[in-house]
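Student: I have a structure open on my screen and would like to learn how to read its packing, residue by residue. Could you take me through it with a few worked cases?

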Amino acid sequence: PNDKTMVDAWLPAIAAMQQALQSGADIDEILQQGAAAAAEMGMENTIPLQAKKGRASYLGERSMGHQDPGATSSYLLLKAAADIWSEALSG
């Protein structure tokens, strides 16, 4: 965590899913309010960080102020899964 990677989106998403599951939430709540929301927050939290891993680490301080692409793609995957599941339930 805090290396400005996809892990910064996945760790909070997994923690939120586990918490929602333990509280008895259904799969739609687990995906939408748990995983997608937490991953989005984790993704946004990468903006002020300096990249320490991956290609962005070559930029050093110049990586600060930019959202991590790995965290962004992880959020988009979870958001798409949540949206598709929600559509399937309503459809």
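Student: Which residues is Gly-42 in contact with, once its neighbours within four places in sequence are left aside?

Tutor: Keep in mind throughout that this is a predicted model. With those sequence neighbours set aside, Gly-42 is in contact with Asp-8, Ala-9 and Pro-12. Gly-42 itself has its place in helix 2, which covers residues 27-44, while helix 1 covers residues 7-22.

Student: Is Gly-42 buried or exposed?

Tutor: The general idea is to compare the relative accessible area with a cut-off, and buried means under 20%. Gly-42 has a relative accessible area of 6%, and therefore counts as buried. A distance can be added to that picture: Gly-42 and Ala-13 are 29 residues apart in sequence, yet their C-alpha atoms are 8.0 Å apart in space.

Student: How should I describe two helices that pack on each other?

Tutor: Two packed helices are described by the angle between their axes together with the distance between those axes. Here, the axes of helix 1 and helix 3 come within 7 Å and cross at roughly 35°. The residues that make this contact are Ala-9, Trp-10 and Ala-13 on the side of helix 1, and Ala-71, Ser-74 and Leu-78 on the side of helix 3. Sorted by class, the contact has 5 nonpolar residues, 1 polar residue and no charged ones.

Student: Ser-74 is on that list, so what is its relative accessibility, and how does it count?

Tutor: Ser-74, whose place is in helix 3, residues 69-90, counts as buried because its relative accessibility is 2%. Apart from neighbours within four places in sequence, Ser-74 is in contact with Met-6, Ala-9 and Trp-10.

Student: What does Lys-4 have around its side chain, given that it is buried yet has no salt bridge?

Tutor: A salt bridge requires a side-chain nitrogen of Lys or Arg within 4 Å of a carboxyl oxygen of Asp or Glu. For Lys-4, the nearest side chain of opposite charge is that of Asp-68, which is 6.4 Å away. Backbone oxygens are what the side chain does reach: a polar atom of the Lys-4 side chain lies 2.9 Å from the backbone oxygen of Leu-49, and the side chain of Lys-4 reaches the backbone oxygen of Ser-63 at 2.5 Å. Not counting residues up to four places away in sequence, Lys-4 also touches a longer list of residues, including Thr-46, Ile-47, Gly-65 and His-66. Its relative accessible area is 3%, which means that Lys-4 is buried.

Student: What is there to read in the backbone of Lys-4?

Tutor: Phi of Lys-4 is near 65°, a positive value in a residue other than glycine. Asn-2 likewise has a phi near 65°, again positive in a residue other than glycine. Lys-4 is in the segment before helix 1, as is Asn-2, but Asn-2 counts as partly exposed because its relative accessibility is 48%.

Student: How do I place these cases within the protein chain?

Tutor: The protein chain has 3 helices and 0 strands, and reads along the sequence as α-α-α. Its C-alpha atoms fill a box of roughly 45 × 25 × 15 Å along the principal axes, and buried residues make up 34% of its 91 residues. Among contacts between residues at least 6 apart in sequence, 68% join residues at least 24 apart.

Terms used: Residues are numbered from 1 along each chain as its sequence is written. This is a predicted model: local features need pLDDT of at least 70, side-chain atom pairs count only at pLDDT 80 or more; totals for chains, interfaces and linings use all residues. Side-chain values use heavy atoms; hydrogens and water are left out. Helices (H or I, at least four residues) and strands (E, at least two) are DSSP runs, numbered from the N terminus. Buried means under 20% relative accessible area, exposed over 50%, partly exposed in between (1.4 Å probe, protein chains only). Contact means heavy atoms within 4.5 Å. Axes are lines fitted to C-alpha atoms, for helices over the stretch in contact, and angles run from 0 to 180 degrees between N-to-C directions. Ala, Val, Leu, Ile, Met, Phe, Trp, Tyr, Cys and Pro count as nonpolar, Asp, Glu, Lys and Arg as charged, and the others, Gly among them, as polar. Lys and Arg count as positive and Asp and Glu as negative; His and the chain ends are not counted. A polar contact is a pair of N or O atoms within 3.5 Å; within protein, one must be able to donate a hydrogen and the other to accept it, and residues adjacent in sequence count only if both atoms are side-chain atoms.
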